[in-house]
Amino acid sequence: MKKLFSVLFVVLFAFTFANAQSKMAVSVGGNLAFPMGSFGDVANMGFGGGAKFEYALQSNLHLTASVQYLMFAKKDDIVGVEWSIIPVLAGAKYYFGNNFYTMAEVGMNFWNTKATITFPIIGKITVEESGSDFGFAGGAGYELPMGKNSLDLSVKFQSYASETTAINLGVAYKFGF
């Protein structure tokens, strides 16, 4: 039964890809992330990049899948905490017809923290921890058309874990198929 579902999935994906190439797009770009709340107390501004796949269900409704890599610098030198987060999200974009859109995404965030504490006599002690948490994002954007491609400008609120949130500003180049 698993083989049958696997074969059906591959055939359906290949058929969709062959018949709907004009409905797909891939974007690649960069982000600036501004930590909020208690996350902002321990982390400075973050930066990173990512890629997003879009599939148009309708002209104004697109399904999305994305992956990013974000790094946040430590806030101070006494207790410095560095964060790296890899959000893997799926969601949807709704276009209003004038290149403006809203988006919502959910998924998993894989994170790693590295805390370095400096003691006057002992020296530095480093503790590292990794994990994953459910996350979500919601925001809005504008796509500046460039022929078949476009420049995607976005702002979104993103939750990486229960009290780990940020406002992300993104710029990406979107390649249409």
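Leaving aside neighbours within four places in sequence, Leu57 is in contact with His62 and Leu63, where contact means heavy atoms within 4.5 Å. Leu57 lies in the loop between β2 and β3, the strands and helices being DSSP runs numbered from the N terminus (helices H or I, at least four residues; strands E, at least two). With a relative accessible area of 44%, Leu57 is partly exposed; by the rule used here, buried means under 20% relative accessible area, exposed over 50%, and partly exposed in between (1.4 Å probe, protein chains only). The C-alpha atoms of Leu57 and Met24 are separated by 9.6 Å, and the two residues are 33 apart along the chain.

A word on the model helps before going further. The model is predicted, so local features need pLDDT of at least 70 and side-chain atom pairs count only at pLDDT 80 or more, while totals for chains, interfaces and linings use all residues. Residues are numbered from 1 along each chain as its sequence is written, and side-chain values use heavy atoms, with hydrogens and water left out.

The secondary structure comes to two helices and eight strands, and read along the sequence it follows the pattern α-β-α-β-β-β-β-β-β-β. Buried residues make up 33% of the 177 residues in the protein. Among contacts between residues at least 6 apart in sequence, 55% join residues at least 24 apart.

The strand pairings come next, two strands being paired if DSSP finds at least two bridges between them. Strand β1 (residues 24-36) runs antiparallel to β2 (residues 43-56), and 10 bridges join the two; here Gly30 has Gly49 of β2 as its bridge partner. β1 also pairs with β8 (residues 164-176) in the antiparallel sense, over 12 bridges, and in this pairing Val26 stands opposite Phe175 of β8.

Further along the chain, β5 and β6 (residues 123-146) run antiparallel and are joined by 20 bridges. A hairpin of three residues links β5 to β6, and Thr118 has Lys124 as its bridge partner in β6. β6 then pairs with β7 over 11 bridges, again in the antiparallel sense, with Ala140 opposite Val155 of β7. The hairpin of β6 and β7 has two residues between the strands, and in this hairpin Gly147 takes a positive phi near 70°. β7 and β8 also run antiparallel, joined by 11 bridges and by a hairpin of two residues; Leu151 stands opposite Tyr173 of β8.

A positive phi is also found at Asn99, about 75°, although this residue is not a glycine. Asn99 lies in the loop between β4 and β5 and, at 29% relative accessibility, counts as partly exposed.

Attention now turns to the interior. In soluble globular proteins, nonpolar side chains tend to be buried together. A nonpolar core is taken as a set of buried Ala, Val, Leu, Ile, Met, Phe, Trp, Tyr and Cys residues joined through side-chain atoms within 4.5 Å. The largest such core has 11 residues: Ala33, Phe39, Ala43, Leu70, Phe72, Val81, Trp83, Ile85, Trp111, Tyr160 and Ala166. β3 (61-74) and β4 (79-95) each supply at least two residues of this core, and β4 gives the most, with three. Beyond four places in sequence, Ile85 touches ten residues' worth of neighbours, among them Phe39, Leu70, Phe72, Trp111 and Tyr160.

Empty space was mapped on a 1 Å grid over the protein atoms alone: a cavity is a set of points where a 1.4 Å probe fits but cannot get out, a pocket is an open set with protein on both sides within 12 Å along at least five of seven lines, and lining residues have an atom within 4 Å of a point. Grid points are joined across faces, edges and corners, and a volume is the space filled by probe spheres set on the points. By this rule there is one cavity of 30 Å³ or more, and about 260 Å³ of space lies in the largest cavity. Of the 23 residues in its lining, Asn31, Lys52, Gln68, Ser154 and Ala172 are the closest to its centre. β1, β2, β3, β5 (100-119), β7 (149-161) and β8 each supply at least two residues of this lining. The lining divides into eight nonpolar, 11 polar and four charged residues, with Ala, Val, Leu, Ile, Met, Phe, Trp, Tyr, Cys and Pro counted as nonpolar, Asp, Glu, Lys and Arg as charged, and the others, Gly among them, as polar.

The second largest pocket holds about 190 Å³ of space. Its lining has 14 residues, with Ser22, Met24, Ala25, Lys174 and Gly176 nearest the centre.
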